[in-house]
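Please look through the sequence and the model below, beginning with the fold as a whole and then turning to a single pair of neighbouring elements.

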Amino acid sequence: MTVLTNTLPVLSPDGGLSKYLREIRNFPVLAAEEEYMLAKRWQEHEDVDAAHRLVTSHLRLVAKMALGFRHYGLPLADLISEGNLGLMRAVKKFDPDRGFRLATYAMWWIKAALHEYVLSSWSMVRLGTLAAHKKLFFNLRRVKAKLHILDSHELSNEDIERIAGELDVPEAEVRLMNQRIGGRDSSLNAPVSSEFAIERQDLLVDDRPNQETSLAEHEETKHGNGLLAEGLKVLDERELDILTQRRLRDAPLTLEELGTRYGISRERVRQIENRAFGKLQSAVKAAAIARAGSLEMVAV
């Protein structure tokens with residue numbers, strides 16, 4: 001079907017709408033019988049000429065539907081081009097034996113193509129991926145116009161409640177979608193001052209820790225690990241194992257499991273754990289004091 005795009009009238013991005021509309025009016029509207037025969041020729045024999053006539057006879061439908069999407073601020077030439085692609089997909093899949101006309105079938109494909117183009121072009125961050133989000137995006141403007149608040153970028157709580165009730169969606173989604181539609185994408189390279197050479201990206205705050213903070217945190221962790229290693233040396237083998245299994249593991253063992261391992265009661269395991277932890281605390285404090293004294297001597 002892509003070969004047809006080279007033979008279709010083209011609407012240039014810089015205008016020429018009147019010329020384009022005059023050109024597509026030259027393609028005749030097909031009678032039902034002729035449309036059926038052309039569709040069968042394409043369906044059964046892949047007759048490109050038949051498909052071309054089916055497409056060109058419905059270009060006016062695409063233009064009419066594309067004009068309805070102009071308020072999204074997108075180039076009309078692109079809207080019509082996307083709509084034409086939807087029309088060609090419809091012709092490719094059209095089954096004339098189902099009993100309805102091509103226009104009835106094609107309008108859904110055209111509308112889907114226009115919806116996808118608007119959603120993908122409106123923002124670098126997709127406004128909606130779920131069907132409910134897409135429905136809200138396209139219906140929000142209609143309902144705002146109905147309520148005579150189309151030009152209101154900030155909606156009152158009462159307006160949000162009315163729109164949510166009209167569209168049967170949560171109020172939070174209405175508020176979020178209205179904010180995202182009102183806040184179009186802005187380049188990080190856009191200047192913020194005509195007097196100074198400052199761009200938006202120059203004013204962004206880097207939330208990552210600076211090198212000094214990262215180094216200090218690394219040294220503190222290293223120091224703490226060293227003290228812990230020194231403190232663990234005062235424990236005997238059983239105390240070290242019980243304390244490790246109870247306090248230093250992501251998934252600690254239970255008192256019952258350790259009691260079974262050593263053939264002792266749960267209470268005895270608890271006593272050994274508490275004693276080992278006390279010994280560890282005392283040893284870590286002593287190691288910390290010793291290191292501090294060594295540093296003072298080196299400084300002197």
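The paragraphs that follow go from the whole chain to one helix pair.

The model is a predicted one, and its secondary structure consists of 13 helices with zero strands, so that, read from the N terminus on, the order of elements is α-α-α-α-α-α-α-α-α-α-α-α-α. Of the 300 residues in the chain, 31% are buried, while the area that the chain exposes comes to about 19400 Å², with carbon and sulfur atoms supplying 54% of that area. Among the contacts in the chain with a separation of 6 or more, 58% are between residues that lie 24 or more positions apart.

One helix pair can be followed in detail, namely helix α4, which spans residues 59-67, and helix α5, which spans residues 76-93. The axes of these two helices come within 9 Å and cross at roughly 130°. Because an angle over 145 degrees would be needed for the pair to count as roughly antiparallel, and 65 to 115 degrees for roughly perpendicular, α4 and α5 are described as oblique to each other. In this arrangement the crossing in which α4 passes α5 is right-handed.

Which residues of α4 and α5 make the contact? On the side of α4 they are L59, V62, A63, A66 and L67, and on the side of α5 they are L76, L79, I80, G83, N84 and L87. Sorted by character, the residues of the contact of α4 with α5 comprise nine that are nonpolar and two that are polar, with no charged residue taking part.

Notes. Residues numbered from 1 in each chain as written. Predicted model: local features only at pLDDT ≥ 70, side-chain atom pairs only at ≥ 80, totals over all residues. Heavy atoms only, no water. Helix = DSSP H or I, 4+ residues; strand = E, 2+ residues; numbered from the N terminus. Buried < 20%, exposed > 50% of the residue type's maximum accessible area, 1.4 Å probe, protein only. Contact = heavy atoms within 4.5 Å. Areas by Shrake-Rupley, 256 points an atom, 1.4 Å probe, with all protein chains shown as cover. Axes fitted to C-alpha atoms, helices over the stretch in contact; angles between N-to-C directions. Parallel < 35°, antiparallel > 145°, perpendicular 65-115°, else oblique. Left-handed = near helix turned anticlockwise from the far one by under 90°. Nonpolar A, V, L, I, M, F, W, Y, C, P; charged D, E, K, R; others polar.
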